[in-house]
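Visitor: I would be grateful for a close look at a single part of this structure, namely a pair of packed helices and what surrounds them. Please proceed from the helix geometry to the residues involved.

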Amino acid sequence: MDVNGNFPAWKKKKRKFKIGKDGQKIKLKPSVPISVFPKSAQTNGVIRQSGGQESNISASLTIKKKKKFKKNKNKQNGTAVEMKDEFMTSSVQLTNGVLTKKAKVELKTIPSLLRVVEKPATPVRSISNLFASQSDSKVSYSEKPALPIKPSLLGTPVPSVSKTTISKSSVARTIAFTPSKDNIKSTPPSTPKFVPNSEKFTRPQLPIDVVEQQLMYELASQETLIVIGETGSGKSTQVPQLCVRAGIAEKGAIAVTEPRRVAAVSLAARVAVEMGTDIGGVVGYHVRFENATTHKTKIEYMTDGIVLRKALVSPLLDKYSTVIIDEAHERSLHSDVLMCILKKCQEQRRESKNPLRLIIMSATLQADKFQAYFDNAKVVLVAGRTFPIEVFHVNPKINKSFSSTDYVYNTVICVKHVHLNEPKGHDILVFLTGSEEIEAVAHQLAELNGSLPASADFILPVPLYAALRPEKQKEAFRKTPQGARKVIISTNIAETSVTIPGIRVVIDSGKVKSKRFEATNRIDVLKVHNVSKAQAKQRAGRAGRDAPGKCYRLYSREDFHKFETENMPEILRCNLSATFLELMKLGMKNPHRLQLLDPPEPENIDAALLELTSLGAIKPITSDRNKFILTDMGNSFCMYPLPPDHARVLFQAQKEGCIMEAIKIIAAMQTDALFSGGSDSKIDLDVERIRRRFETREGDHITLLKLVLLTNNFFDQLNSKTEADARYNKSNKSLEREYNEAIRKFCNDNMINEQHLKTASMIEDQLKEIAVEQNVPFSTCGADFTKIRKSIAVGMFLNSCEYDRQEDRYRLMINPAITLNIHPSSCLSRSKPAYIVFSELMKTNDLYALQVTLIDADWVRPLITEHKKIRKNHLAESAQRIQQIAQVEPKAKKPKLNTTL
DNA sequence: GAGCACTGC
C-alpha cells in the first residue's frame with residue numbers, strides 16, 4: 001500500500017522528513033510548529049486543528065476495528081496459544097521476563113550448569129602490578145590447586161571441588177553436589193552474622209527467597225559465582241545481604257557496582273531500610289560527588305566508574321572481600337574493564353589471607369559467555385517477577401496497511417489501533433529513536449484527537465527524551481487526567497533509566513539511535529540501528545511492571561529473529577584511549593594481549609595507542625615495541641577523570657598560564673549542552689537568540705567560558721546577598737527558597753539547563769581539587785584568551801583543520817583526505833576562519849565538527865609533523881604484529897589457562 | 001543553516 005497515498009495532507013504538512021524504502025530519512029519541507037500540549041485540550045476534550053485530513057486514517061482503522069480479536073488465551077496456567085488477530089499475531093508470551101510458547105516458566109538452579117571443573121594450577125607471584133606478564137616477574141606454580149573457602153558453612157559434608165578432578169573431555173558431565181533443600185533446612189548456617197531486623201521491617205516475599213539457602217551456600221563456597229536473575233527477582237538487594245549473613249563481610253566490605261548513580265543510591269537506601277540501619281552505617285553508597293560510606297560500612301553500592309578509579313589508587317582492592325558486578329549484561333565499558341581487572345586481582349589475591357570473591361549478576365541468559373570467561377564459574381538462576389506480557393508482531397501478510405520501512409508512520413497507526421481497542425486507562429509507552437521523530441509523532445497524535453469517535457478518550461501525547469527541558473520531562477510522570485490516555489513517546493531513556501508507572505502497553509519501533517566510533521578516522525557515527533533481541537525484551541518488559549501488559553512490535557517475527565542477540569558492548573564502539581591510559585596505570589603493557597569478554601578490533605587498539613603516543617602520554621619500550629609504558633605526562637593525565645586529550649589541554653594551560661580558565665572550559669565540556677532546548681522550534685529560536693549574546697569570533701570554547709564566567713559572577717552576587725540576608729535574621733527556610741528561586745530565574749532567563757550547570761560546576765571543583773593535589777600553580781590569563789586557544793589547539797591538535805576555499809570545506813590536518821563542515825550550531829559556522837580545532841567529529845547527514853575554536857596554524861604544525869612520523873612507525877609495527885599473530889594463530893587457539901599479558 | 005540515544009569518572 002502506498003503510504004503517502006494514505007496520509008496525503010498531514011504527512012506533507014507536518015513532518016519535516018519521511019522514511020524512504022531504504023530506511024533513510026528524506027527531508028520534507030519545513031512546517032509551522034503547533035504546540036503539542038495545548039492548554040485548552042483538557043477542557044474541550046478534543047483538539048481540532050485541522051479539518052478532515054484524518055478521514056483516511058479513521059476509515060482504515062474502523063474497518064480493522066470490526067474484525068474482532070479472537071483470543072484463545074488460557075488465563076489459568078498463564079500460557080498463550082496462537083492468537084488469531086487481524087492486526088498482529090502472537091504465539092508467544094513474555095512471562096517473568098522470559099519468552100515462552102507453552103511451558104510454565106520455572107527457574108531454579110539448573111543442574112547442567114553446576115559443573116565441577118578442573119582448576120588450572122595457580123601461579124604464585126610476587127608482583128606489585130596487576131598486569132605483570134610471566135616474563136616480567138618470577139612465576140612459580142604451587143603444587144596444590146587453590147581451594148576456594150571450605151564449604152563447611154552448612155555443616156554438611158560436601159565433596160571438595162578441586163579434588164573431584166575430571167578430564168577435560170568430560171567437563172560437560174554434571175555432578176550435582178548441592179545438598180537437597182531438606183538437608184539445608186535441617187542444618188541452618190551455623191553462624192549467621194547479621195539477620196535482617198524483621199521486627200522493624202518486614203519486606204514482601206521475593207522470588208530470590210526460594211533459593212536463599214542454596215545461594216548462601218554457593219556464595220560461601222565459590223570463588224566466583226554468576227547469578228542470573230530477571231527484573232524483580234530481588235538479586236540486587238538480597239545478594240549483598242546474603243553475603244553479609246554468610247559471614248563473608250568479616251574479611252572486608254562488599255562492593256556492589258551499578259552502571260547508574262540513581263540505582264546505586266536507591267538500592268543502598270532500600271537495603272539500609274531492610275537491614276534496619278542508616279545510610280553510612282552498615283550500608284552506604286559512593287557515586288561521583290557523593291560518598292556516603294564510613295569505616296563501618298559493610299555493603300557499599302557504587303557506580304562502576306568509582307570502583308575503577310579506586311582500583312587505580314589501590315590495584316588489589318584489598319579493602320573489599322567481595323565485588324559484586326550488577327547488571328553485567330548491559331556491558332558498559334566500565335563493567336567490562338572491571339571484570340578484566342578483577343580477574344587479575346583475584347589471581348593475585350588467591351594465595352593471600354584475603355582472597356577476592358567475585359559475583360557477576362546479569363539479567364539475560366548470557367550465562368555461557370560469562371561462565372567461559374570466568375573459568376567455568378558456577379551459575380545460579382533466580383526467577384524474576386514481572387507480570388505476563390503478550391507480545392504481538394506485525395504480520396506483513398495480514399497487516400497490509402503498514403509501511404515496510406516507515407516506522408514513524410506505523411507508530412501512529414498502531415497507537416490509534418491500541419487506543420480504540422484497549423481498555424480505558426491503560427497508558428501506552430512508545431519507543432522511537434530521536435527527538436525529531438518523537439515530536440512529529442506527538443504532533444500527529446494530538447491531531448488524531450479530532451477524528452476520534454465521541455465515545456473514545458482523549459489521546460494525551462507526552463514526549464520524553466534526554467535533551468528535553470526538565471519541566472517537560474516531568475509531564476511523563478504526572479497522573480493521567482480523567483478521560484484521557486497518556487501516550488509517552490520516548491527514546492531509550494525509558495528502557496532502563498526511568499520507570500514510568502501505569503504503563504500497560506508498549507509499542508516498540510524496533511529501532512534505536514546509537515553512536516559508534518570509527519577508530520581509524522576518529523569519527524563518531526550516529527545512526528539508527530535495529531535493536532537487539534535483549535533490548536526488545538527489555539522494552540516489552542516495561543509494560544508489565546504493575547499489571548499484565550501487551551507489547552506491539554512494529555516488525556515481523558522474521559525480522560525479530562534476524563536481530564542481534566545482545567547489544568553491542570560499549571567497549572567495541574568507543575574510543576579506547578582513556579580506558580587504555582587507565583589500564584596502563586595498572587601495569588598493562590600490551591593492550592593487544594588484553595583478555596576482555598569481547599576483544600576490540602586490533603585496528604581500534606592501534607588507533608588508541610597512536611593517539612596516546614602522539615599526545616605524549618605513553619611511549620613504546622625500546623626492547624619490545626609492542627609494549628608501552630606511561631610517560632610522566634601520561635601519569636599525571638590519569639589523575640584527572642577526563643579523556644586524555646582534555647587532560648592534555650590542562651597540561652598545556654599550566655604551561656601557558658591559564659589553568660583557571662582551562663579548567664572552567666574543560667569542566668563545561670564534560671556535560672551536555674549548557675543551553676537547554678529540545679526539538680521545540682520556538683524554544684530553539686530562543687536558545688539561538690540568547691546564545692548569540694555570548695558569541696565571540698574566537699569560537700565556541702571561549703563562548704562557553706564567557707557563559708561560565710557570567711554564571712560565576714551571578715553566584716558570587718547571590719551568595720553575598722544571601723549572606724547579608726542571613727545577618728538580618730531571615731529564616732533559613734525562606735533564605736533557601738529565595739536562593740533556589742533566584743537560580744531558577746537566572747537559568748530560565750538565560751535558557752540554561754540548571755542541572756547541567758550544576759554538574760559543570762561540580763566537575764570544575766573536582767578538577768581544581770586534583771590540580772591542587774598535583775601541585776599545579778594557580779594561573780589566570782584575564783581577558784587575553786589567546787593562551788587558552790593555544791592550550792586547546794595543542795591538547796586537541798589531532799582535531800585541527802584547514803579551510804579549503806575551493807571545496808568550501810575543511811580538511812583535517814592529520815589526514816587531508818577527510819573533509820568536513822562546521823556544524824551550524826557553532827558560532828564559527830558562518831565566518832569560516834582559515835584554521836580551526838574542534839572537540840568532536842560527528843557523522844550524521846554530513847561530517848560535522850562540533851565545538852570549534854579559531855587557532856593559529858603555527859601552534860599545531862610541529863605537533864602534526866611529529867604525529868605523522870609516529871604514525872608511520874606505528875603502521876609498520878602494527879603490520880608486522882598482524883603478520884606475527886597470523887603465524888602464531890594455530891598455537892594460540894589452545895584453550896587458555898592462566899591469562900597473562 | 002542543521003538537527004543530537006544513553007551512561008560514567
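**Helix H20 and its surroundings**

Guide: In this predicted model, helix H20 (residues 644-656) packs against helix H26 (residues 786-795) at an angle of about 140°, and their axes are 8 Å apart. An angle over 145 degrees would count as roughly antiparallel; H20 and H26 are therefore oblique to each other. Their crossing is right-handed. On the H20 side, the contact is made by Asp645, Arg648, Val649, Gln652, Ala653 and Glu656. On the H26 side, Lys787, Lys790, Ser791, Ile792, Val794 and Gly795 take part.

H20 has another packing partner in helix H19 (residues 632-639), with an angle of about 105° and axes 9 Å apart. Angles of 65 to 115 degrees count as roughly perpendicular, so H19 and H20 are assigned to that class. Here Met633, Ser636 and Phe637 of H19 meet Pro644, Ala647, Arg648 and Phe651 of H20. Arg648 is thus listed in the contact with H19 and also in the contact with H26.

The nonpolar core comes next. The largest one in the model has 71 residues. The residues with the most contacts inside this core are Tyr640, Leu650, Leu767, Ile788, Leu820, Phe838 and Val860. Helix H21 (residues 659-670) gives the most to this core, contributing 8 residues. Domain 3 (660-776) and domain 4 (796-855) both supply residues to the core, which therefore lies between them.

Tyr640 merits separate attention. Beyond its neighbours within four places in sequence, Tyr640 is in contact with Leu650 and Leu767, two residues that also appear among those with the most contacts inside the core. The other contacts of Tyr640 are with Arg309, Ile770, Ala771, Gln774 and Val776.

Two further sites may be set beside this region. His419 lies in helix H12 (residues 407-421). With a relative accessibility of 6%, His419 counts as buried, the limit being under 20%. Not counting residues up to four places away in sequence, His419 touches Leu452, Ala456, Asp457, Phe458, Ile459 and Arg485. Ala269, in helix H8 (residues 261-275), is partly exposed, with a relative accessible area of 35%. The C-alpha atoms of Ala269 and Gly284 are separated by 8.0 Å, and these two residues are 15 residues apart along the chain.

Terms used: Residues numbered from 1 in each chain as written. Chains lettered and ligands numbered in written order. Predicted model: local features only at pLDDT ≥ 70, side-chain atom pairs only at ≥ 80, totals over all residues. Heavy atoms only, no water. Core = buried A, V, L, I, M, F, W, Y, C linked by side-chain atoms within 4.5 Å. Buried < 20%, exposed > 50% of the residue type's maximum accessible area, 1.4 Å probe, protein only. Helix = DSSP H or I, 4+ residues; strand = E, 2+ residues; numbered from the N terminus. Domains from an automatic or database assignment. Contact = heavy atoms within 4.5 Å. Axes fitted to C-alpha atoms, helices over the stretch in contact; angles between N-to-C directions. Parallel < 35°, antiparallel > 145°, perpendicular 65-115°, else oblique. Left-handed = near helix turned anticlockwise from the far one by under 90°.
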